[in-house]
Amino acid sequence: QVQLVESGGGLAQPGGSLRLSCAASGIITSFYDMSWYRQAPGKERELVAAIASAGDSTNYADSVKGRFTISRDNAKKTVYLQMNSLKPEDTAVYYCKAVHKRIATINYWGQGTQVTVSS
């Protein structure tokens, strides 16, 4: 059974930091490209950051470039999202997604973790 479990969400002040983790089980994470998405109330889910299966390539939404960093540890089967200089507009539910690097129809989502940025 495949599971992606996000953690690390919570309340942060503007300008603060949070680190999200996504722990995978039931898959060999080195076979999967991993990404973080977010969905704010009333908005569509959007891609925040992505990292290739080997960790050698990353990309970011323009809105988070220079503030967020995605990384992974395949030995720990975990993907991270370091979020710095948080803004109220970063408030959303953050989801982890795994996509097989060769078969894109094989993909999994986590259940999400709430991030709220407010003073």
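The following passage describes how the strands of this predicted model are paired. Residues are numbered from 1 along each chain as its sequence is written, and side-chain values use heavy atoms, with hydrogens and water left out. Local features need pLDDT of at least 70 and side-chain atom pairs count only at pLDDT 80 or more, whereas totals for chains, interfaces and linings use all residues.

Four strands (DSSP runs of E, at least two residues, numbered from the N terminus) form an open sheet in the order S1-S3-S8-S7, with antiparallel pairing, where two strands pair if DSSP finds at least two bridges between them. Strands S1 (3–7) and S7 (68–73) stand at the edges and have a single partner strand each, so one side of each is left without a neighbour in the sheet. From one strand to the next, the twist averages 15°. S7 runs antiparallel to strand S8 (residues 78–83), to which six bridges join it, and Phe68 has Met83 in S8 as its bridge partner.

In strand S9 (residues 92–100), eight of the nine residues are buried, so S9 is largely enclosed by the rest of the structure; buried here means under 20% relative accessible area with a 1.4 Å probe, protein chains only. Strand S4 (residues 32–39) pairs with S9 in the antiparallel sense over eight bridges, with Ser35 opposite Lys97. S9 also pairs in the antiparallel sense with strand S11 (residues 113–117), over three bridges, and Ala92 stands opposite Val115 in S11. Three bridges likewise join S9 to the antiparallel strand S10 (residues 107–109), where Val99 stands opposite Asn107, and S9 and S10 form a hairpin with six residues between them.

Notes:
Axes fitted to C-alpha atoms, helices over the stretch in contact; angles between N-to-C directions. Buried < 20%, exposed > 50% of the residue type's maximum accessible area, 1.4 Å probe, protein only.
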